[in-house]
Amino acid sequence: MVSYPETATTALEAVIHPDLEQEQAYVDRAYACLEASRDAALQIQNLVEVGAGGTHQARYERDVIKETVSTRLAQLEIGDASLCFGRLDFAEGDERFYIGRIAVWDENQDPVLVDWRAPVAEPFYRATGSEPMGLVRRRHFACRGRDLLGIEDEFFGGSARERGVDDLLGSIKGEQTLVATLEAARTGRLGDIVATIQSEQDEIIRSPLPGIVVVQGGPGTGKTVVALHRAAYLLYTHRFPLEGQGVLVLGPNRVFLTYIEQVLPSLGEAGIEIAALGDLISGAIVRGSDPEPVARVKGDLRIVDVLWRAVRDRERALRDDLVVGYGLGRLRLTVDDSRRIVADVRRRTRTHNAGRRLVETAVYETLAASGRDDADPEEVRERLDGTLELRETLEWMWPVLTPWHFLNDLYGSPALLRSAANGRLDADELDALHRPRSDRPADAVWTADDVPLLDEARALLGAYSRRSKKEAIRTYGHIVVDEAQDLSPMQLRMVARRSLNGSMTVVGDIAQATGAWAHDDWDSVLEHLPDRREPRFAELTVGYRLPAPTMEVAARVLAHAAPGLTPPKAVRQDGVEPRLVRAGEAPLASTVAEVVREELDAVGAGNLAVIAPGSLVGQLSDALTEAGMEHGLAYARALESQITVVPVGLVKGLELDAGVVVEPARIVAEQEQGLRALYVALTRSTRRLSVVHADALPAVLDGAFGRQHQP
C-alpha cells in the first residue's frame with residue numbers, strides 16, 4: 001500500500017487547514033466504528049462455534065453464518081491503508097457525506113463512511129466546475145494510516161466565487177493529494193488509487209456490466225488499477241449474480257500477479273480470482289515460454305483444426321478382426337464392425353472421452369451377437385472385461401485421454417503431427433511443434449504457449465475420470481484481461497471459453513505489444529472474443545506515473561514503435577532529467593553496478609530495477625553480487641527486494657522508483673518487437689531513469705538525452 005513520505009506531503013502540510021483537528025476527530029471516530037464492527041463480527045463468529053453436533057439444518061445454518069461473517073471480517077481488514085479519504089458537501093439540504101474505502105456505520109446504524117462505489121460517492125470522482133453534480137465543496141484528505149496530514153478543498157459554482165477561490169484547474173481532481181500519492185516511494189506492490197481516481201478513470205470503472213469494455217492506456221495512465229477497481233465496483237454493484245458467477249482477473253505472468261495481488265483485498269474484495277492462463281489448467285506443470293517462432297505456431301488458430309483431427313486420429317477402426325474364445329466357441333469383431341461403431345459413436349457424442357462407454361457397450365453387444373447362439377452382452381462384458389485382448393482393442397479404437405497424455409503423444413510423434421496437420425502446417429511449423437515424448441506425461445513441463453492447446457484439448461476430450469465436475473471448464477460472470485495486446489488467437493479463444501455471458505474488461509496498450517502475437521490494433525483482439533454486444537472503447541490520455549522529462553525520452557521511441565499513437569500527457573511536469581551513461585573502458589556490468597549504487601543513494605527507501613536484455617541478466621546479477629549489493633531476480637516473483645534485475649520481457653506493468661535500462665541496442669535486437677520493448681523499459685520508473693550502454697545507441701535515441709555521463 002502506498003504511504004506518504006515526509007517530502008510527499010509538504011504542499012498539503014505547509015498551511016495548516018483550520019478544520020484539520022475537527023476532521024482528524026472524525027477520522028478517529030470512523031476507525032472506532034470500524035473496530036466496533038469487527039468486534040461484533042468476531043462475537044457472532046464465536047457464538048456459532050457449536051461443534052459438529054446438532055441437526056443437519058442447524059449445521060447448515062451455522063456454516064452459512066460462518067461464511068457470511070468470514071466474508072465481512074475480510075472486508076473490514078484494511079491493514080495499513082487509509083480508511084477515509086474525502087468529504088462531499090451538497091448544496092441541497094446541506095447534506096454531507098464522508099467517502100471511505102468501505103462503508104462504516106455507528107451503533108445506531110447511521111452511516112459514518114460511504115463506500116467509494118456507492119452511487120452517492122460518484123461526484124467525488126466525476127464532478128467538475130461545469131458539472132458540479134450538486135456539490136458546493138469536495139474535500140480531499142491526505143492520510144498516513146490513521147493520521148490526517150493535510151486537507152485540500154475544491155469549491156464549486158457560486159460558492160467558489162463568493163469565497164474568491166478559483167474554479168477547478170483543468171480536469172485533475174484533488175491535485176495536491178494526487179501529486180503526494182504519485183511522489184510516494186514504491187513498495188514493490190501496486191497500490192490502489194481509490195482516494196485519487198480521476199474523471200476519465202471513474203467513467204471506465206462505473207461503465208455498465210454487459211458486453212466488452214476495451215481500455216487503451218499508455219504507460220502510467222493507471223489502466224491496470226482502473227481495471228482492478230472496475231472489478232471491485234462491479235462486484236459491489238452487481239453482488240447478485242456476480243458473487244455466484246465469479247469474477248476473474250487474468251494477468252500475463254506470475255511476476256505481474258504478485259505485483260497486483262494486494263489491490264483487490266485493500267478494496268474489501270478478497271473473493272475475486274487472480275490468475276495467469278497457466279493457472280486455469282489444473283494438473284499441468286507450466287513454466288516459461290517458447291521461442292517466438294514456436295509461439296507463433298502454437299498461437300495460430302489453424303491449431304484448432306490440427307487438434308480436432310488429432311483427436312479423430314485416436315478414434316480408429318481395427319487393423320485386423322478381433323477373435324476371442326468364449327466357452328467352446330469364438331466371438332468376433334470385424335474391421336467393418338469396428339468402423340461402424342466408431343462412426344456411430346462420433347455422431348452421438350460431443351466430446352471424445354464421453355464416447356468411450358458407448359464404444360465399450362457397442363463392442364460387447366457386437367461380440368455377443370457374433371456367437372452361434374446370441375450371448376448376453378452383459379455376461380460377455382463380465383467374462384472378457386479386463387482381458388488383454390479387450391484392453392488392447394478398446395485402447396486402440398477409443399482410448400480415454402487426458403489433455404497432457406494427448407498432447408504429449410501428438411508432440412512426440414512426427415507421424416501423428418503430419419496426419420493431424422493434413423497440409424495445414426508446413427515442415428518448419430511441424431518441426432516447431434515436435435519434441436521428445438515424455439515417459440511420464442502427467443509430470444511433463446509445459447510452456448505458457450502450450451496452455452491454450454491443453455485447454456483446447458480438454459474441450460475436445462471432455463472429462464476423463466469420475467471427477468468430471470473438477471475437470472469441467474469454469475466460466476465467470478465477468479473477466480478482466482490485462483496486457484491483452486500480447487495474447488495470441490489461441491489464448492484469446494481460451495479466455496472467451498471462460499466467459500459466461502460476454503462481459504469483459506480488456507486492458508492494454510498497443511504501443512507495448514511485444515509478444516510473438518503482438519497486435520497492431522484492438523480489432524484483431526476483439527475478433528476472437530465474444531461479440532454478443534457492440535464493444536465499447538475508452539482511452540486513458542493522462543499519464544500520472546511518469547514525470548514529463550522521462551516521457552519525452554520515451555515519446556521519441558513511441559513515434560517509431562507505434563506511429564499512430566499519441567503519448568500520454570504527463571501530470572508531473574517537473575522531474576529529474578534522465579541520464580545516459582556510457583561504460584567507456586570499464587566493463588559494462590561493473591558500470592551498471594556503480595550506477596545502481598548512485599541511484600540508490602538518490603531514491604533512499606525507494607525500489608530500483610535493472611532492466612536488461614535476457615542475455616545479460618546473469619552477468620549483471622553476478623556484478624551486483626560482487627559489488628556487495630543484495631538483489632532479487634524477477635523470474636517468478638515481483639519486486640520483493642529493493643534492487644531487482646528484471647529481463648525486459650517481464651517488466652511490463654511494473655512500477656519503479658528508479659529504473660536502470662541496460663544496452664538499449666541489444667533490447668531492440670533480441671526482442672521480436674524491439675522498439676516496443678525498449679519503450680516499455682523506458683516507461684517503468686516514476687522518479688529516476690538511467691540508461692547504461694557500451695554499444696552504440698539505437699538511432700531513435702539520438703539527441704534524446706541532454707548529455708552523456710561518465711561513470
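**Strands, helices and a few odd residues**

Isoleucine 479 has methionine 504 of strand E15 as its bridge partner. From E14, the chain passes through helix H23 (residues 489–497) to reach E15, making a right-handed β-α-β crossover. Right-handed here means that, with the strands pointing away from the viewer, the path from the first strand over the helix to the second runs clockwise. Helices (H or I, at least four residues) and strands (E, at least two) are DSSP runs, numbered from the N terminus. The model is predicted, so to speak with some care, local features need pLDDT of at least 70 and side-chain atom pairs count only at pLDDT 80 or more, while totals for chains, interfaces and linings use all residues. Residues are numbered from 1 along each chain as its sequence is written, and side-chain values use heavy atoms, with hydrogens and water left out.

Back to E15 and its neighbours. Strand E14 (residues 478–481) runs parallel to E15, and three bridges join them. Strand E7 (residues 212–217) is also parallel to E15, this time through five bridges, and valine 213 of the chain sits opposite threonine 505 in E15. Two strands count as paired if DSSP finds at least two bridges between them. In general, strands of a sheet pair through backbone hydrogen bonds, either parallel or antiparallel. How much of E15 (residues 504–508) is buried? Five of its five residues are, so the strand is largely enclosed by the rest of the structure. Buried means under 20% relative accessible area, exposed means over 50%, and partly exposed is in between (1.4 Å probe, protein chains only). Both faces of E15 are covered, with Met504, Val506 and Gly508 buried on one side and Thr505 and Val507 buried on the other.

Further along the chain, helix H29 (residues 674–682) packs against helix H25 (residues 548–561) at an angle of about 165 degrees, and their axes are 9 Å apart. Axes are lines fitted to C-alpha atoms, for helices over the stretch in contact, and angles run from 0 to 180 degrees between N-to-C directions. H25 and H29 are therefore roughly antiparallel. On the scale used, angles under 35 degrees count as roughly parallel, over 145 as roughly antiparallel, 65 to 115 as roughly perpendicular and the rest as oblique. Residues that make the contact include Val553, Val557 and Leu558 of H25 and Leu675, Leu678 and Tyr679 of H29, where contact means heavy atoms within 4.5 Å.

H29 is itself well wrapped: eight of its nine residues are buried, so the helix is largely enclosed by the rest of the structure. What covers those buried residues includes H25, strand E20 (608–612), strand E23 (656–662), helix H28 (664–670) and strand E24 (685–693). E23 is in a similar spot, since seven of its seven residues are buried and it is largely enclosed too. E20 and E23 pair in the parallel sense over four bridges, with isoleucine 611 partnered by valine 661 of E23. On to E24, which runs parallel to E23 and is joined to it by six bridges; there, alanine 658 stands opposite arginine 688.

Not everything around here is tucked away. Alanine 605 lies in the loop between helix H26 (588–603) and E20, and at 71% relative accessibility it counts as exposed. The C-alpha atoms of alanine 605 and aspartate 657 are 9.3 Å apart, although the two residues are separated by 52 residues along the chain.

Another helix pair sits at a very different angle: H13 (residues 302–313) and H18 (residues 403–412) pack at about 100 degrees, with their axes 11 Å apart. That makes H13 roughly perpendicular to H18. Leu307, Ala310 and Val311 in H13 meet Phe406, Leu407 and Leu410 in H18.

There is also an open sheet of six strands, in the order E3-E4-E2-E1-E5-E6, with mixed pairing. Strand E3 (104–105) and strand E6 (147–155) are at the edges with a single partner strand each, so one side of each has no neighbour in the sheet. E3 runs antiparallel to strand E4 (residues 111–115) over two bridges.

Last come some backbone oddities. Most residues other than glycine have a negative phi, and most peptide bonds are trans. The bond from phenylalanine 240 to proline 241, though, is cis, with omega near 20 degrees. Methionine 133 has a positive phi of about 55 degrees, and at 35% relative accessibility it counts as partly exposed.
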